[in-house]
Amino acid sequence: MACIDAEPTVTGAINRLTVKVAYQSRIITLLYRTMPKNGDKLSALGFGCMRLPMLDGEIDEKRAIAQIRQAIDNGVNYVDTAWPYHDGESEPLLGKALKDGYREKVKIATKLPTWLVENREDMDKFLDAQLEKLGTDHIDYYLIHALSGPSWKSVEDLGIKEFLDQAQKDGRIVNPGFSFHGLAEDFQPIVDAYSWVFCQIQYNYLDQEFQAGTKGLKYAASKDIGVIIMEPLRGGNLALPEAPPAIAELWAQAEVKRPPVEWALRWVWNHPEVTVVLSGMNSEEQISQNMAVASDASANYLSPAELELIERVSITYRKLMQVGCTGCGYCLPCPAGVQIPICFDFFNKLHMFGNLDEAKHLYKVFGSGDVLQREPGFASQCVECGMCLEKCPQQINIPEVLKRVVAELED
């Protein structure tokens, strides 16, 4: 358990709290950043509950609870989940993890599944169900999930503003926000449409011009809206211990040597507009490592030379990666059974590392379903029904890319 040695002290928008963290037997100083509109001191590192550890096709409940508590014990005070994560099991799991006094130590964030809302009454129905699943009487940070221009117009017409006003008035929601998965031009109008306290956007050194991007990050901050970052590691692709050869050559040129995961996280935290960075940590080592990076990842920490190096890495990655899939799983379940994220992961790895035999072997093993204890999910099973196109937040033309997967990975 963490040992608190001092109370947080305000230093601009960043606060420090000294905690003992079990990482390389050293004491680290956990950083906190301030939510602009309400003054909440939030841990710069948040715990994302979309990629919890699995066992036999289900959440490994005992291990997941222990991991969440490990992070909280070491100072993390922002935990994020959502209605669809882990087929609806993430929220109940988090509710269990926050028993025994842990609820009082954190701010909970969860999200209204906009695609399931058909009327104004549905909004209350989902929120009340989430309160029950999480075992709490209020949500500290409640997001309208996966907004784009069209989806915002839809929920706005159904009365989302009235819902948010009422839920804040009766205390079920403390801070209203939204997560964004739309086109860049749709972001500013949504920001301006309501008195949001915070927003959540995808942001990493590959996605500076994707969706909200850097322009959106700065615009939200200019309105004193806190910004929560999702996918800082691009679905884990930016954290691979063994980077692709072309990338490894670039990292080797750095004066200060760091693992890829640290470069990626530091780049996001380098932005003073960022309030919290969510990490989908699902191993004890990842939690300890991310905590250690978060201990001194201040805004404007990186040197001009380091920022220039990261930009070169970004350009090289964009040349290597064939599809911008983050593995979020929103495209699932596929009616034809295609395991879309798995197909795209091995397709990207083929082009990043160039090992065709290994990529084909792993694709065959995982695509067969035997390892994951599910039915086969090969790209060739795609029937081009188009259902995935409506759900992909990255706006990937999934059927077309699956054809390329078949051509390169299936015999």
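A polar contact is taken here as a pair of N or O atoms within 3.5 Å, of which, within protein, one must be able to donate a hydrogen and the other to accept it. In the predicted model described here, such a contact joins the side chains of Arg266 and Glu262 at 2.8 Å. The side chain of Arg266 also makes a polar contact with that of Asp296, at 2.7 Å. Arg266 is located in helix H9, which spans residues 260–269. Its relative accessibility is 6%, and Arg266 is therefore classed as buried, the cut-off for this class being under 20% relative accessible area. When neighbours within four places in sequence are set aside, the residues in contact with Arg266 are Arg258, Val293, Asp296, Ala297, Tyr301 and Leu302.

Glu262, the partner of Arg266 in the 2.8 Å contact, also takes part in a salt bridge with Arg258, in which the closest N and O atoms are 3.6 Å apart. Arg258 and Glu262 are both buried. Arg258 is in addition among the residues in contact with Arg266.

Helix H9 packs against helix H10 (residues 284–294) at an angle of about 45°, and the two axes are 10 Å apart. H9 and H10 are therefore oblique to each other, because angles that are neither under 35 degrees, over 145, nor from 65 to 115 fall in that class. The crossing of H9 past H10 is right-handed. On the H9 side, the contact involves Val261, Glu262, Leu265, Arg266 and Trp269, which meet Gln289, Asn290, Val293 and Ala294 of H10. Two residues already described, Glu262 and Arg266, thus belong to the H9 side of this packing, and Val293 of H10 is listed among the contacts of Arg266.

Salt bridges were examined next. Side chains of opposite charge can pair when their charged atoms come close. The structure holds 26 salt bridges. In one of them, the side chains of Asp128 and Arg172 meet with an N to O distance of 2.9 Å. This pair links distant parts of the chain, with the two positions 44 residues apart: Asp128 is in helix H3 (residues 120–134), and Arg172 is in the loop between helix H5 (160–169) and strand E11 (173–180). With a relative accessibility of 38%, Asp128 is partly exposed, whereas Arg172 is buried, at 12% relative accessible area.

A further salt bridge is formed by Asp207 and Arg234, whose closest N and O atoms are 2.8 Å apart. This pair, too, links distant parts of the chain, the two residues being 27 residues apart. Asp207 lies in the loop between strand E12 (198–202) and helix H7 (213–222), and Arg234 in the loop between strand E13 (226–230) and helix H8 (245–251). Asp207 is buried, at 2% relative accessibility, and Arg234 is likewise buried, with a relative accessible area of 10%. Elsewhere, salt bridges that share partners join Arg120, Asp124, Asp128, Glu162, Asp170 and Arg172 into one network.

Helix H3, which carries Asp128, packs against helix H2. The axes of H2 and H3 come within 7 Å and cross at roughly 40°, an arrangement that makes H2 oblique to H3. The contact is made by Glu91, Pro92, Leu94 and Gly95 of H2 together with Gln130, Lys133 and Leu134 of H3. Asp87 is placed in the loop between strand E8 (78–80) and helix H2 (90–97), where it is exposed, at 74% relative accessibility. Asp87 is separated from Lys169 by 82 residues in sequence and by 31 Å in space, C-alpha to C-alpha.

Several loop positions show notable backbone geometry. Asp224, in the loop between H7 and E13, has a positive phi of about 60° although it is not a glycine. Asp224 is partly exposed, with 45% relative accessible area. Glu231 likewise has a positive phi, near 55°, and is a residue other than glycine. Glu231 is found in the loop between E13 and H8 and is buried, at 11% relative accessibility. A cis peptide bond, with omega near 0°, runs from Leu332 to Pro333. Pro333 is located in the loop between helix H11 (304–320) and helix H12 (340–353).

Terms used
Residues are numbered from 1 along each chain as its sequence is written. This is a predicted model: local features need pLDDT of at least 70, side-chain atom pairs count only at pLDDT 80 or more; totals for chains, interfaces and linings use all residues. Side-chain values use heavy atoms; hydrogens and water are left out. Helices (H or I, at least four residues) and strands (E, at least two) are DSSP runs, numbered from the N terminus. Buried means under 20% relative accessible area, exposed over 50%, partly exposed in between (1.4 Å probe, protein chains only). Contact means heavy atoms within 4.5 Å. A salt bridge is a side-chain nitrogen of Lys or Arg within 4 Å of a carboxyl oxygen of Asp or Glu. Axes are lines fitted to C-alpha atoms, for helices over the stretch in contact, and angles run from 0 to 180 degrees between N-to-C directions. A crossing is left-handed if the near helix is turned anticlockwise from the far one by less than a right angle, and right-handed if clockwise.
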